[in-house]
Amino acid sequence: MSHDHSPATAHAHDDHDVSKHIKGYLMIGGFLLIGTALTVWAATMHFGSDALNIGIGLLIATAKASLVALYFMHLISEKTAIYMFMSVTVFFFTGLVVLTLWASHDLPLNSEHLRLPKPEAAAAAH
Amino acid sequence: MDIPYTTTPREDTGLYNAKIGIWLFLASEVMLFGALFSSYILLRVGADWWPAPRSILNIPIGTFNTAVLIISSVTVVLAWASLKMNRLDRFKIFQGITILCALIFVGVKSYEYSEKWMHYEIWTKDGQNYSCHIEVNGKKNPMFYTHNKLAEQNITEITVTKDPHKYGDPLPDKGSAEASSAADHAHETVVVQTADIKRLSAFVPAHSTYFAIYFTLTGLHALHVIGGVVVMFYLWVTAGAWFKSRPEQFTNRIEVSGLFWHFVDLVWIFLFPILYLM
């Protein structure tokens, strides 16, 4: 067990590094709010197809999420170990979503034919 | 009992233990929400019909809540930066704003939920189907009624106030003939015999696939918000003594709780468009 009771002055060397990022944090916050307004606006537009509308909405959401992860969560300047953890996570997450989308092509678009026939219809068929 | 801890970065990773711990936890959280997002995709793609969320959920309220979470994400990183600059007073302010934002988010979400639980859809035996608000035995907008509950309570009739626009159908364009027609029939009130009702359901998870996945995703997210606010409140209350005696440890705790909070914001960034807008 290790107790590291560093004095508050230990922060002094970080002061300059952190303070210069504050303006950046506020700017990212502003971009995220603008991105939210853009998402709502894009949802009211018709870009030609539902798939395109969904794609554009997800693209804006991904851009916003990237800003949060890179700057607020400091992934833009993290240690290699964290990149390794998250690479594995991204790989499996992507696999999960892509395989689901792939499998969805096997689903019947209309499940009417899967419903059991009504008893009288089934009896008539025999 | 003192819980073992260290603020010294490990030589092999260059990271302190709590940071490795929170990132591994977040990795598992990504997979948890990933599984639910995949379920959403599968349910939606496989559905014969999917409601237009704009006609069910309140977009301005959802947008407001998104903005609240984004602001909290900014203030939580500013709270951490304040500690790095040895400014406990500023930390208290920013952390306080973050907690306030989290409580506003939960409050607004609770309002949204309650609105859904007192909103109904009725299927009558003659084939009609409409969304509405109901009045049962003089009580307006009761929650969680079903056709079975009406039968159990021997209620023979209910008063129904129909929605001007049926749940799930795309909203008509403003100024269109359909919009004018909906306005003419706005809030039509009729008495319905319970014997004529085939099914009555509030907008609860059992109502439909859409509400099942909506409540699962937003409910799990809300639990994360509540968990986050409990931790942040504890850190806020104990900040003074903790920061004075063990500043590095406390600053690391704020960084770790902040990482969790950013993840909660990140999940909502995807939930908002897929559930409210698409």
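# A tour of chains A and B

Begin by selecting E121(B), which stands opposite S201(B) in strand 6 of chain B. Before going further, note that this is a predicted model, in which local features need pLDDT of at least 70 and side-chain atom pairs count only at pLDDT 80 or more, while totals for chains, interfaces and linings use all residues. Residues are numbered from 1 along each chain as its sequence is written, and chains are lettered from A and ligands numbered from 1 in the order in which they are written.

**The strands of chain B**

Extend the selection to strand 1 (residues 120-124) and strand 6 (residues 197-202) of chain B, which pair in the antiparallel sense over five bridges; helices (H or I, at least four residues) and strands (E, at least two) are DSSP runs, numbered from the N terminus, and two strands pair if DSSP finds at least two bridges between them.

Next add strand 2 (residues 129-136) of chain B, which runs antiparallel to strand 1 of chain B and is joined to that strand by four bridges. Here W123(B) has N129(B) of strand 2 as its bridge partner. Strand 1 and strand 2 of chain B form a hairpin with four residues between them, and in the turn G127(B) has a positive phi of about 95°.

From strand 2 of chain B, move to strand 4 (residues 157-162) of chain B, an antiparallel neighbour joined by four bridges, where K162(B) stands opposite C132(B). Strand 4 of chain B also pairs with strand 5 (residues 189-193) of chain B, in the antiparallel sense and over five bridges, with T161(B) opposite T189(B).

**Helix 1 of chain B and its partners**

Now select helix 1 (residues 17-46) and helix 6 (residues 209-237) of chain B, which pack at an angle of about 165° with their axes 11 Å apart; axes are lines fitted to C-alpha atoms, for helices over the stretch in contact, and angles run from 0 to 180 degrees between N-to-C directions. Helix 1 and helix 6 of chain B are therefore roughly antiparallel to each other, a class given to angles over 145 degrees, as roughly parallel is to those under 35. To find the contact, show L36(B), S39(B), Y40(B) and L43(B) of helix 1 with T209(B), I213(B), T216(B), L217(B) and L220(B) of helix 6, where two residues are in contact if their C-beta atoms, placed from the backbone, lie within 7 Å.

Keep helix 1 of chain B selected and add helix 8 of chain B: their axes come within 10 Å and cross at roughly 15°. That makes helix 1 of chain B roughly parallel to helix 8 of chain B. Among the residues that meet here are I22(B), L26(B) and F33(B) from helix 1, and V256(B), F260(B) and F263(B) from helix 8.

**Across to chain A**

Finally, bring chain A into view: the contact takes 49 residues from chain B and 50 residues from chain A. On the side of chain B that touches chain A, helix 1, helix 2 (59-84) and helix 8 (247-277) each supply at least two residues, and the largest share, 14 residues, comes from helix 1 of chain B.

Within chain A, select residues 21-73 for domain 1 and 79-105 for domain 2, as the domain assignment gives them, the bounds coming from an automatic or database domain assignment. The centres of these two domains of chain A, taken over C-alpha atoms, are separated by 21 Å.

Note on methods
Parallel < 35°, antiparallel > 145°, perpendicular 65-115°, else oblique.
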